[in-house]
Amino acid sequence: MEINTILSQIDLGSYAMPVFQRGYVWNRDQVKKLLSSLYRGYPVGELLVWNTATNPDLSRGEGPLTPGNVNLILDGQQRMTSLYGVIRGVPPKFFDGNSNAFTGLYFNVIEEVFEFYLAAKMKNDIAWISVTELMQQGASKFLQKKLQDNPDNVNFWLSHIAALNKLDAIKSLDIHVQTVSGPDKTIDVVVEIFNNVNSGGTKLSKGDLALAKICGEWPEARDEMKLILEKYHTAGYEFSMDWLLRCITVYLTGQPYFNALSQISSDDIKKALPETDKMIGTCLDHIGTRLGLDHARVLGGVFGIVTMIGYLRYNNGKIASSTEWDQLLYWYVHSFLWGRYASSTESALAQDLNTINRGDGIDGLLRQIKQTRGDLTIRPEDFWGWSTGARFYPLLYLLTRTSHSRDWGTNIELSNNLLGKNSSLEVHHIFPKDLLYKAGKSKPIVNALANYAFLTKETNLAISNRKPEEYIPEYKEKCPGAMETHWIPSDPELWKIENYEKFLEKRRILLAKAANNLLDSLYQGQIADVELQDYSGKQYHEETPEEEEIESMSAWMLDHGLNEGTINHELLDESGKTAAIIDLAWPHGIQQGLSEPLALLLNETAETQAVVSKYGYRYYTSVDELQAYIRNAFLR
């Protein structure tokens, strides 16, 4: 079938996307390769469609479907969505993804190559044409318009008319369509077919299949669940549809297996959804109030919450005392510290839920962890990890929030109950990154967990890039005792760059001792009782950690088909010594020879900014400003 015909069938609603299909995930490089292959006549594979009775509940998107039967695309979604977007200039009605992947594709009629639009490279070059513009007008009308706009270019365009026609002819190329149909092709069979033919891509999960079945009887199920997930997103938590479905499954059956839902009526699932939502909220409120873990980055293991729902279910939705809650939270902390659900998630959940259903309680859950861990004592080496993704990062945050730690500059107690559930803390490098990189330290050592402290934004900015041996004495004098509440070693010799590794070693010892004391008190019910707060219904505004901002910016560049830059670029002076460490740099410009050196500097001093400027860099101090510049200069 011709590509143009398939696109027309999509417009008519004869071709659609099944509800269990994942969204559009291709990037610009994949779109370029597809168009290049079609232009050169290379094979790009066939489409697999499922011809089935028209049922809006099985189809994604809001567009109308043809009555009778519809062809649901099982394999080929990424290719057809890309072609639709490039040729039509807009996404198809079933689209779910990032349209930047196919927006702004250009073609060079001389070199016969595809690239995404870059103003500096293409703005004044007649050879670059919009693929979408040519596809919509057709080669003949496109050529006429070009000659009308500028008759002086007639020889150029006539010499490249073959390339224009060849590009336009992509719309008429045939793609083989294989169809599966018949009464025996149930959703289960079709999903199995999909996973078999899509072995190189992302397979459908058991949760996808379970949700597809639920939507067949209760069409609004997905939207209702999305509303719940969006509510938690607003509160600072990030949960998946699969995870929420797992919670519902446990609430209804006491087991984690999705296939158990096939025996549950849609009415029971409807009733279970708000009750499950309420239990999730209860768990988050206790985790936020008692542990201070109040957003996704510090939540630890989300599957521990699934088991907590199983525990609540077994106890008819209620836990008798704050002591019992503290013991359950003690288990929850250890479940993510030791990676209880890091692998074989479903099996581990089944073991823990069976433990609960046998009546073995929290001690039974703890025995499951001890079988692999041995004991639950925290040792200094457990704080050896690095970055905000380290398993013990949430524990460091928990210690800060629950141990009466005080801000070094304001002396404000950083307890979640006093600082407020809508206030966030910033990650502070006790030894500044720039100083450590200049001293030749590696990224894992620079971002070691024991080099982190949580402070208010005000204090974090005030300290900036100063040496610990300079600023620590000042803050110890300004707010006596505050530094010690963050387990900072008291020996001034350890505040010097040359003794950084010894500082880390000593602080790990202090952190391990504090963690064991706090968790023991939690299990024994010795933590002071506090009023339960609504963390699940809050509006959370969190500053993104600097490292994630930098990595996100680099990934954003790649997504837009641009040079991703160099993270932690070492800027050398004339003698070859390190003059500055640039968070994210393009020392030769976004396009080599066509743009000036570029830098992203987050929370850097005026001194560093001056050095970077001296060496000819255009620099930006925020991701938003840098992205605005990139859009204006290279993506228009």
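Student: Between which elements does the loop with N603 lie?

Tutor: N603 is found in the loop between β13 (598–600) and α26. Helices (H or I, at least four residues) and strands (E, at least two) are DSSP runs, numbered from the N terminus. This is a predicted model: local features need pLDDT of at least 70, side-chain atom pairs count only at pLDDT 80 or more, and totals for chains, interfaces and linings use all residues. Residues are numbered from 1 along each chain as its sequence is written, while side-chain values use heavy atoms and leave out hydrogens and water.

Student: What is the phi of N603?

Tutor: Phi of N603 is near 55 degrees, a positive value, and the residue is not a glycine. N411 also has a positive phi, of about 65 degrees, without being a glycine. N411 sits in the loop between α18 (393–402) and α19 (416–419).

Student: Why does N603 count as exposed?

Tutor: Read the relative accessible area: under 20% is buried, over 50% is exposed, and partly exposed is in between (1.4 Å probe, protein chains only). N603 counts as exposed because its relative accessibility is 51%. N411 is at 34%, so it counts as partly exposed.

Student: α26 follows the loop of N603. Which residues does T608 of helix α26 touch?

Tutor: Contact means heavy atoms within 4.5 Å. T608 lies in α26, which spans residues 606–614. Leaving out residues up to four places away in sequence, T608 touches D434, N465 and A580. T608 counts as buried because its relative accessibility is 4%.

Student: Why does D285 count as buried?

Tutor: D285 has a relative accessibility of 12%, so it counts as buried. D285 belongs to helix α13, residues 266–291. Neighbours within four places aside, its contacts are L532, Q533, D534, Y535 and S536. Now compare sequence with space. D285 and V306 are 21 residues apart in sequence, and their C-alpha atoms are 15 Å apart.

Student: How far apart in space are the C-alpha atoms of K166 and A139?

Tutor: They are separated by 8.9 Å, with their positions 27 residues apart along the chain. K166 is in helix α8, residues 161–168. Its relative accessible area is 39%, which means that K166 is partly exposed. Take D559 and T621 as another pair: 62 residues apart in sequence, 21 Å apart C-alpha to C-alpha. D559 is in helix α25. D559 is partly exposed because its relative accessible area is 42%.

Student: How many cavities of 30 Å³ or more does the structure hold?

Tutor: Start with the general idea. Rolling a probe the size of a water molecule over the atoms shows where empty space is left. A cavity is a set of points, on a 1 Å grid over the protein atoms alone, where a 1.4 Å probe fits but cannot get out; lining residues have an atom within 4 Å of a point. Points are joined across faces, edges and corners, and the volume is the space filled by probe spheres set on them. This structure holds four cavities of 30 Å³ or more. The largest has a volume of about 70 Å³.

Student: Which residues line the largest cavity?

Tutor: K433, Y437, K443, N447, E547, I550, E551, I567 and N568 line the largest cavity. At least two lining residues come from each of α20 (433–438), α25 (546–559) and β11 (566–572). α25 gives the most, with three. By type, the lining has three nonpolar, two polar and four charged residues. Nonpolar covers Ala, Val, Leu, Ile, Met, Phe, Trp, Tyr, Cys and Pro; charged covers Asp, Glu, Lys and Arg; the others, Gly among them, are polar.

Student: Which residues touch the most other members of the largest nonpolar core?

Tutor: A nonpolar core joins buried Ala, Val, Leu, Ile, Met, Phe, Trp, Tyr and Cys residues through side-chain atoms within 4.5 Å. The largest has 87 residues, of which I305, W331, Y332, I378 and F383 touch the most other members. Apart from it lies another core of 47 residues, including L7, V109, F156 and L164.

Student: And the whole protein?

Tutor: Its secondary structure comes to 27 helices and 14 strands. Of its 636 residues, 52% are buried. Among contacts with a separation of 6 or more, 68% join residues 24 or more positions apart. The C-alpha atoms fill a box of roughly 80 × 75 × 35 Å along the principal axes.

Methods: 1 Å grid on protein atoms, 1.4 Å probe; cavity = no way out; pocket = protein on both sides within 12 Å on 5 of 7 lines; lining within 4 Å.
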